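Trainee: Got a minute to go through this one with me? I'd like to start with the surface and work inwards.
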Amino acid sequence: MKHFGNLKSGNFESMGLGGHDAILVEGESLDWLLLIQHEINRLQVMGDDELRYFWIEVPENRKKTSQWYEVCSSTYKNFHSVRIINGRGYYCEMVSEDRGCCHRYDVSFFLKRFYLAVSKLINSILKNPNNYNRYVAEHLPYIYRNGRIKRRTLYDISPIFRTEPEDKEASIEVLKKSIDKGIPLSDSMNIRRFCHFFRIANELFFHEAHDKKVSDIEYYKEQKFGYLEEGMDVDDEETFRKFAYDHYGELGLSRVNINGYYFPEENGWAIYASTSYSAYVEELLDIAVALYKAGAPLRVGDAQKLLKILEGKDHVAIRTWTFHDYLGHHEEGSVIRLPYDEECHDKNSLWTMEIKQAIIENAEWEPIEQVGVNLC
């Protein structure tokens, strides 16, 4: 399958694999897009909106290696989409209707050649889908696959993956107390008290020195412009309830949050420390310890999951795309992404080919979905 028509990776890269905007195809380009979808629709549906997808292997320009792309086709009413993904989250999408963020390009020069290659490949798949599926399963590089690995196994492979807060034992203690509700909550909450704990967390997160000349209230105003309006009663609980909305407790744009939260089942207020992104687990744990030592009525979000991370009792997800990975979007405590081989050969990289291969050999890999034939 290495020869996908007479196209090479450079032809795909020239289409712009960004993943933010789409190309609105019109005229001849639209005609070719619909012909491509007609060919792809000979395969079995694999998801909602007539979703079908398959892998193609394309020679790299002036190299003996290959580049893999995933081709996805979908249709909803009169909206047609063909997406070419480089397997790492970046893609080029061509659509028939402008639904925002579209550019108008004439891409018929590419789509004509792409159609001929797709048609040839689909014909081959229809003749023997097992051969195609077997080839992809045996040759698709692991950098394009999802899986998971036991955390302890990953740590044995290399220490570079360890989650190490500043004080691991204190972090474990705080998490256990949060889980067991061993930290007393507060009878009330107000802006002044919240700003005190927010400042502790924010200064630690951004490694700022504490300036005693600046009050907690003034510090918050500088950091979160617009949330604390003039005339607000900073000592009133009802005013705090009105004040506490949107991203009022976020540290910068990190999605690490320090919120004042009322727990009705415990009849008390907590300073609730949490992170959306798995990349900030260590920072959150350091903040939780600091807040606990400062006497905060603390509760930590996802405390059970974080405890499993520190005790090495969970798995680490292996994903092709880890940008803005959400802690709550998977069972595993954190994620890693396998690098390209050239990254392993970079003298400034922590990765080596030995580390990469050991992970591949010890991971549990998700099966690649089989491409089937549309018998209708």
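Trainee: Which residues form a nonpolar patch on the surface?
Mentor: Tyr90, Trp321 and Phe323 do, and together they have about 330 Å² of accessible area. Keep in mind that this is a predicted model.
Trainee: Where is phenylalanine 323 placed?
Mentor: Phenylalanine 323 is in the loop between β11 (315–318) and β12 (334–336).
Trainee: And is phenylalanine 323 buried or exposed?
Mentor: Exposed, because its relative accessible area is 53% and the cut-off for exposed is over 50%.
Trainee: OK, switching to charges. How many salt bridges does the structure hold?
Mentor: The structure holds 24. One of them joins the side chains of glutamate 26 and arginine 104, at 3.6 Å from N to O. That pair links distant parts of the chain, with the two residues 78 apart. Glutamate 26 is in the loop between β1 (22–24) and α2 (27–40), while arginine 104 belongs to strand β6 (residues 102–104).
Trainee: How accessible are glutamate 26 and arginine 104?
Mentor: Glutamate 26 is partly exposed at 44% relative accessible area. Arginine 104 counts as exposed, at 54%.
Trainee: Which salt bridge involves a buried arginine?
Mentor: Take arginine 52, whose side chain meets that of glutamate 50 at 3.1 Å, N to O. Arginine 52 has a relative accessible area of 3%, so we call it buried. Its partner, glutamate 50, is partly exposed at 38%.
Trainee: What about glutamate 218 and lysine 221, where do they lie?
Mentor: Both are in helix α8 (residues 216–223), three residues apart, which is about one turn of the helix. Their side chains meet in a salt bridge of 3.8 Å, N to O. Glutamate 218 is partly exposed at 38%, and lysine 221 is partly exposed too, at 24%.
Trainee: Which residues are linked in a network of salt bridges?
Mentor: Arg148 and Arg319 are in the network, along with Glu331, Glu332, Glu364 and Glu366.
Trainee: Let's do helices. At what angle do α6 and α10 pack?
Mentor: Helix α6 (residues 168–179) and helix α10 (residues 281–293) pack at about 75°, and their axes are 9 Å apart. That angle falls in the 65 to 115 range, so α6 and α10 are roughly perpendicular to each other.
Trainee: Which residues make the contact?
Mentor: From α6 you have Ala170, Ser171, Glu173, Val174, Leu175 and Lys177. On the α10 side there are Leu285, Ala288, Val289 and Tyr292.
Trainee: What comes between α10 and β10?
Mentor: A loop, and alanine 296 is in it, ahead of β10 (298–300). Alanine 296 counts as buried, because its relative accessibility is 3%. Leaving aside residues up to four places away in sequence, alanine 296 touches Ile183, Phe197, Ile271 and Leu291.
Trainee: How far is alanine 296 from serine 96?
Mentor: They are 200 residues apart in sequence and 55 Å apart in space, C-alpha to C-alpha.
Trainee: Last one, the whole chain. How many helices and strands are there?
Mentor: There are 13 helices and 13 strands. The C-alpha atoms fill a box of roughly 70 × 50 × 40 Å along the principal axes. Of the 376 residues, 49% are buried. The chain exposes about 19800 Å², and carbon and sulfur atoms supply 47% of that.

Definitions and conventions:
Residues numbered from 1 in each chain as written. Predicted model: local features only at pLDDT ≥ 70, side-chain atom pairs only at ≥ 80, totals over all residues. Heavy atoms only, no water. Patch = residues over 30% accessible without salt bridge, like charges linked within 9 Å, V, L, I, M, F, W, Y side chains within 5 Å. Areas by Shrake-Rupley, 256 points an atom, 1.4 Å probe, with all protein chains shown as cover. Salt bridge = Lys/Arg side-chain N within 4 Å of Asp/Glu carboxyl O. Helix = DSSP H or I, 4+ residues; strand = E, 2+ residues; numbered from the N terminus. Buried < 20%, exposed > 50% of the residue type's maximum accessible area, 1.4 Å probe, protein only. Axes fitted to C-alpha atoms, helices over the stretch in contact; angles between N-to-C directions. Parallel < 35°, antiparallel > 145°, perpendicular 65-115°, else oblique. Contact = heavy atoms within 4.5 Å.
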